[in-house]
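Here is a briefing on one protein model. It moves from the overall chain to helix packing, aromatic rings and selected residues.

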Amino acid sequence: MPAKMAYDEWERAGRQLADVLDSSSWWLGDWLVYGKDHYTDRYQRGIRAAGLSYQTLRNYAWVSRRFDLTRRRPALSFQHHAELASMPAADQELWLDRAEQRQWTTKQLRSAIRAARRGEQQQDTAIEPSRRLEVPGSRLQRWHKAAERLGVDFEQWVLTTLDSAAASALDVLGTPEERPEISELKGVTGMKGLAERPRPVAISA
């Protein structure tokens, strides 16, 4: 750097260097994609000869493949595109538009994506509310022991067991027209508990 440089010159040099750095990410990514497509058995030798990090180049190449030349936004950096590379193309275009129009930094784009995902999760939770099933404490202890003996997670054991029981019951009961009254099922194995009314305790893992 020159011994004396005005601030405006220094700032302009920084912008130019940043542009070169951003462009080099695309160039290197495209270079590796070309090498892999044309020199399958030799491209890694070229990487070693160039003294470049293969893992870094793999990341560059992955982003380059996800965005061909026609879809790259000059107003946005390589890192903007990298943030969106794992998304479907339609979602990529949506977020690229937003980032370009609102002049987001990479950090602002990442934060907006996270906020959108949190909102989707909260919406899914509201649509499918969970419910608490109350059972006798003695049964809860027994179920825990069963799960431990099988070496599986308690919650997973409960869900799997209930799904299996539901499938069996639906096969036995048949269609609504063929379904007997609940009172007639008390003699069926596993159905006797329908008449029991013990003090309930909320299920807890």
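Rings of Phe, Tyr and Trp (its six-membered ring) count as a pair if their centres lie within 6.5 Å. Under that cut-off, Trp 26, Tyr 60 and Phe 78 form one aromatic cluster. The model is predicted. Its protein chain holds 8 helices and 2 strands.

**Overall chain**

- The order of elements along the sequence is α-α-α-α-α-α-β-α-α-β.
- The protein chain has 205 residues, and 21% of them count as buried.
- About 15900 Å² of the protein chain is exposed. Carbon and sulfur atoms supply 52% of that area.
- Take the contacts in the protein chain with a separation of 6 or more: 52% of them join residues 24 or more positions apart.

**Packing of H1 with H3**

- Helix H1 spans residues 7–38, and helix H3 spans residues 54–66.
- Their axes lie 7 Å apart, and the packing angle is about 90°.
- Angles of 65 to 115 degrees count as roughly perpendicular, so H1 is roughly perpendicular to H3.
- On the H1 side, the contact is made by Ser 25, Trp 26, Leu 28, Gly 29, Asp 30, Trp 31, Leu 32, Val 33, Lys 36 and Asp 37.
- On the H3 side, Leu 57, Arg 58, Tyr 60, Ala 61, Val 63, Ser 64 and Arg 65 take part.
- By class, this contact of H1 with H3 has 9 nonpolar, 3 polar and 5 charged residues.
- Two members of the aromatic cluster, Trp 26 and Tyr 60, are among the residues that make the contact of H1 with H3.

**Packing of H1 with H2**

- Helix H2 covers residues 43–50.
- The axes of H1 and H2 come within 8 Å and cross at roughly 145°.
- H1 contributes Trp 31, Leu 32, Gly 35 and Lys 36. These meet Tyr 43, Gly 46, Ile 47 and Ala 50 of H2.
- The contact of H1 with H2 has 5 nonpolar, 2 polar and 1 charged residues.
- Trp 31, Leu 32 and Lys 36 of H1 appear in the contact with H2 and also in the contact with H3.

**Aromatic pairs**

- The whole structure has 5 aromatic pairs.
- For Trp 95 and Trp 104, the ring centres are 6.3 Å apart and the planes stand at 35°, so the pair is tilted.
- Trp 95 and Trp 104 are both buried.

**Arg 71 and His 81**

- Where does Arg 71 lie? Arg 71 sits in the loop between H3 and helix H4 (78–84).
- Is Arg 71 buried or exposed? Arg 71 has a relative accessible area of 18%, and buried means under 20%, so Arg 71 counts as buried.
- Beyond residues up to four places away in sequence, Arg 71 touches Arg 66, His 81, Ala 89, Gln 92, Glu 93 and Leu 96.
- His 81 belongs to helix H4. Its relative accessibility is 0%, so His 81 counts as buried.
- Leaving aside neighbours within four places in sequence, His 81 contacts Trp 26, Val 63, Phe 67, Arg 71, Arg 72, Arg 73, Leu 76 and Leu 96.
- Leu 96 is thus on the contact list of Arg 71 and on that of His 81.

**Trp 143**

- Trp 143 is placed in helix H7, residues 137–150.
- Trp 143 counts as partly exposed because its relative accessibility is 23%.
- Trp 143 and Phe 154 are 11 residues apart in sequence. C-alpha to C-alpha, they are 7.8 Å apart in space.

Methods. Residues numbered from 1 in each chain as written. Predicted model: local features only at pLDDT ≥ 70, side-chain atom pairs only at ≥ 80, totals over all residues. Heavy atoms only, no water. Axes fitted to C-alpha atoms, helices over the stretch in contact; angles between N-to-C directions. Helix = DSSP H or I, 4+ residues; strand = E, 2+ residues; numbered from the N terminus. Parallel < 35°, antiparallel > 145°, perpendicular 65-115°, else oblique. Contact = heavy atoms within 4.5 Å. Nonpolar A, V, L, I, M, F, W, Y, C, P; charged D, E, K, R; others polar. Buried < 20%, exposed > 50% of the residue type's maximum accessible area, 1.4 Å probe, protein only. Areas by Shrake-Rupley, 256 points an atom, 1.4 Å probe, with all protein chains shown as cover. Phe/Tyr/Trp six-rings, centres within 6.5 Å; stacked < 30°, edge-to-face > 60°.
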